[in-house]
Amino acid sequence: MSAKVQSVQLSPLGRALKRLRAQQDLTQETLAERVNCSVQTIRFFESGRRRPSWEMAELLADALHVPAAEREEFIRMARLAAPENAPEEEVAAHPSSPSPASPANASTMRLPIPLTPLIGRAAECKLLERMLIDEQRRLVTLVGTGGIGKTRLALHVAQWLADRFPDGAAFVSLSSVHHTLEIPIAIAGALGATLAGNSDPLAQLDALLSQRVLLLVLDNFEHLLSEEGDAAAELISHVVQRDSGVQFLVTSTERLRISAESIVELGGLTAAAPDAASGISSDAVMLYVERARQVSSDFALTPDNRAAVERICTLLEGMPLGLELAASWARMLTADEIAAEIERGLDFLTLADRSAPARHRSLRAVFDYTWRLMTPEEQRILPRLAIFRGGFDRTAALEVAGATLLQLAALLDKSVLRVAEEAVADGKQSIRYSLHGLLRQFLLEKLEASGELEAIQRAHARTYTELAERAYPNLFGKDTAGWQRVLDQDQGNLNAALVWSLNEGHDPALGLRLAGALSRTWRLGGVWRQGRAWLELALAQPAGNAVERARALVGVGECCHALSDHEAARRYLAEGLALWQQIGEPRWIAWTLFQKGMLDSSLGHTEEAIEQLEASLALYRQMGDLWGVATVLNQLGATVITIGDYARGMIYLDESIPLMRSLGQGRTGLAVSLNALGRIVLAQGNAERAIALFEEARSIFAQRNIREGVAWSYINLGLARLEVEDFDAAQDDLCTCLDLYLELDMMIGITASLNALAVAAAGQRRYADALRLSGVVERLCREHDLHFTEYELQIRDRTLAQLRAVVTDVAFTKYYAEGEMLSLSRAVALARDSLSD
């Protein structure tokens, strides 16, 4: 039978709608936007194929400005206008399709009623509303790992948007469906219809859906993709193409991979509060608290347990099922105890809830369910990826786990792997992959059971040692910041490799290589105590060749110097220099001489410092290393400035600053030059110019995240502002610099900050505080063999002389002695209090 085309006559409601639209100069699109429905729905109203609900009729009357005298009649006409038969050509297109029995209409369909309110997911709800309503996406798949809350979100969205579809929304659970041909039966059942047993189910489904405009939620689709291959996805693709009034919202751990599909990846709830100081809780914390109250009615979030609850949420990475399982223990354990149990192992997260599906009664059950849906190849590759800490890139995945790009893509599709873009250098992005922390625990068990654990650990440690060794020589020249960011991205992997090789003793020689290669990044990053510990552990092993040991010796010497352990620094640097001289490597001999010169300068041994630095400079000049030349010139300038030889300092800086600028405007070496030049200018009485130089230096250091340099710039700014008696600005700068030096555990910086704060206190006539701070500064200098610059000594002497002139000798002695007895923590508290009064 051929299809015959005929014109479609407007219904009475349709004629009224068209007339009123014309009066208001509204298109179908504009009217649809005003009443918050699809354009297709307006077309169906006008053609008589659908009739609006009471609520929709009211919205239409409002949007079309129906006069009050006509409003009641308009709404009655809208509600009584029964849909007419479909146009003949539509009927003719399916002459043999059997009609399912007893289809339900929108008012009789029912969605499951959640037992608890949805917490969080506001952004995801808005996104789904835009995709389903505004953009009319036909197939949207919510993908995410098991337990992430896909079903709960889909159900909430269906309830929220049901009234925006003329035939409402229906929820179809596929958990008990195991064959593709059972899908039409499940959909029909959700719509209140029964398919005839002797006819094609798909043809009946087409007949059932052809006249409907509704949202269908298909829940738990992933097992059909595993069991039925492409057939299940092809069925959905057929319905999407055939039945234009139906939109699908699918939940699955795996995408369907059909052309009409739009993906929304669902992650955990936000674990960190948007503003911790405000006391506002994150979505994850709110969910945990709500579920904890279900089992323990007196549970409350308090200042005492907030940190532990936030730790639970962080450990679980905001996974809703994990949070609910953890909260179920709130009646028996404290939040601290629950967090500790989560860290111990996966099996703690189990729930004796008979109403929950078996696969959701524990996280192990969730992961077991996901594991069974994977192919043998995926089960071989995925556990190997669990060896990574803090993410990895595709190169590391291939080198360590043998995972190809296609295999990574397959694991991404199944929501067991996550992907994110991270910024690296010069605005470029790096693609990083990661696993949920709890899934990683599960997979490490699988890796150990496979017998591959040790081999994969060795491959992992070797890969990241080679990365650190590639980075090491680049941390002394042009691309220092770029390589620092590369290493920062893989801190978790680098630390794991150190633990495996050194702490656990699997390969001390590899551990020495790795620790030595990381020594420069530890020095630049301000993690000196951690760096010293790893390097001393590595050097204690009878392993490694001369180059590897020399590199580690110099690195640990640098860390000891930063920590003000001058004797240890002198010993390590001397041993390192002897080894490099034995090896005969000019570049590293020059660098070690430079480090020895800086150490002598810190100790006030100016002549010895200049001798070491001049030797280093000569080697760099011979090699034509402009960065090395400029770096040593900077330090020579800084060294003579400390003894007040500003003219000679300018000679060194006049050569170093142009070199540093030629090497790149934003280089940290230039910031060193600017700070040194600012000290000269400040000593010569030009505080305003000094402030400008210090501000430029601070900006460069901040851009490069060099905290030590930022702190140095702030103390210089504080000194300059004190010189012009801008005490408020000086207070801010000096407090900032003190906090940074405390974070860095840098005693010379802490002491210099306290010295400047003593000057500030005296300038504000807080004489007792000024004397106490001066007393503690003297003790710290004595205990740690610390030496100030000539300028700092001058302002200290000037301040003490001022204090002697304004207080009695008895008071001077009393307060100064009290300061010498103060602990460092009390001195810091005093400094802060004196500035905040």
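1. Two strands count as paired if DSSP finds at least two bridges between them. Keep that in mind as you look at strand 2 and strand 3, which run parallel and are joined by five bridges. One of these bridges links A169 to L215 in strand 3. Please also remember from the start that this is a predicted model.

2. Now step back to the whole sheet. Which order do the five strands take? They form an open sheet in the order 2-3-4-1-5, with parallel pairing. The edges belong to strand 2 (169-173) and strand 5 (261-265); each has a single partner strand, so one side of each is left without a neighbour in the sheet. From one strand to the next, the twist averages 20°. As background, strands of a sheet pair through backbone hydrogen bonds, and the pairing can be parallel or antiparallel.

3. Let us follow some more of the pairings. Strand 3 (residues 214-219) pairs with strand 4 (residues 246-252) in the parallel sense, over five bridges. Here L214 has V246 of strand 4 as its bridge partner. Strand 1 (residues 139-143) and strand 5 are parallel too, again with five bridges. In that pairing, L142 is matched with V264 of strand 5.

4. Strand 3 deserves a second look. How many of its six residues are buried? Six of the six are, so the strand is mostly covered, given that buried means under 20% relative accessible area. Turn the model and you can sort the side chains by direction: L214, L216 and L218 point one way, while L215, V217 and D219 point the other way, and all are buried.

5. Next, find the loop between helix 15 (320-327) and helix 16 (335-344), where S328 lies. Is S328 buried or exposed? Its relative accessibility is 16%, so S328 counts as buried. The side chain of S328 reaches back to the backbone oxygen of L325, at 2.5 Å.

6. The aromatic residues are a good next stop, since the structure holds 16 aromatic pairs. Take W329 and F348 as an example: their ring centres are 4.9 Å apart and their planes stand at 25°, so this pair is stacked. The two residues are 19 residues apart and link distant parts of the chain, with W329 in the loop between helix 15 and helix 16, and F348 in the loop between helix 16 and helix 17 (363-372). W329 is partly exposed, with a relative accessible area of 25%, whereas F348 is buried, at 12%.

7. A second pair has another geometry. The rings of W371 and F442 have centres 6.3 Å apart and planes at 75°, so the pair is edge-to-face. This pair also links distant parts of the chain: W371 belongs to helix 17 and F442 to helix 21 (residues 437-450), 71 residues apart. W371 is buried, with a relative accessible area of 14%, and F442 is buried as well, at 2% relative accessibility.

8. Some aromatic residues gather in a group. Which ones form one aromatic cluster? The members are Y472, F476, W580, W588, W591, F594 and W627. Y472 has a charged companion too: R551 lies over the face of its ring, 4.4 Å from the ring centre. A similar arrangement to look up is R804, which lies over the face of F812 at 3.9 Å from the ring centre.

9. What about the cysteines? With a disulfide taken as a pair of cysteine sulfur atoms within 2.5 Å, the count comes to zero disulfides. C735 is in no disulfide, and the nearest cysteine sulfur, that of C737, is 8.8 Å away. C735 counts as partly exposed, at 22% relative accessibility. C781 is in no disulfide either; for C781 the nearest cysteine sulfur is again that of C737, 14 Å away. At 15% relative accessibility, C781 counts as buried.

10. Finish with R796, which you will find in helix 39 (residues 790-806). R796 is buried, with a relative accessible area of 11%. How far apart are R796 and A758 in sequence and in space? They are 38 residues apart in sequence and 8.3 Å apart in space, C-alpha to C-alpha.

Definitions and conventions. Residues numbered from 1 in each chain as written. Predicted model: local features only at pLDDT ≥ 70, side-chain atom pairs only at ≥ 80, totals over all residues. Heavy atoms only, no water. Helix = DSSP H or I, 4+ residues; strand = E, 2+ residues; numbered from the N terminus. Buried < 20%, exposed > 50% of the residue type's maximum accessible area, 1.4 Å probe, protein only. Polar contact = N/O pair within 3.5 Å; in protein donor to acceptor, adjacent residues only side chain to side chain. Axes fitted to C-alpha atoms, helices over the stretch in contact; angles between N-to-C directions. Phe/Tyr/Trp six-rings, centres within 6.5 Å; stacked < 30°, edge-to-face > 60°. Lys NZ or Arg CZ within 6 Å of the ring centre and 35° of its normal.
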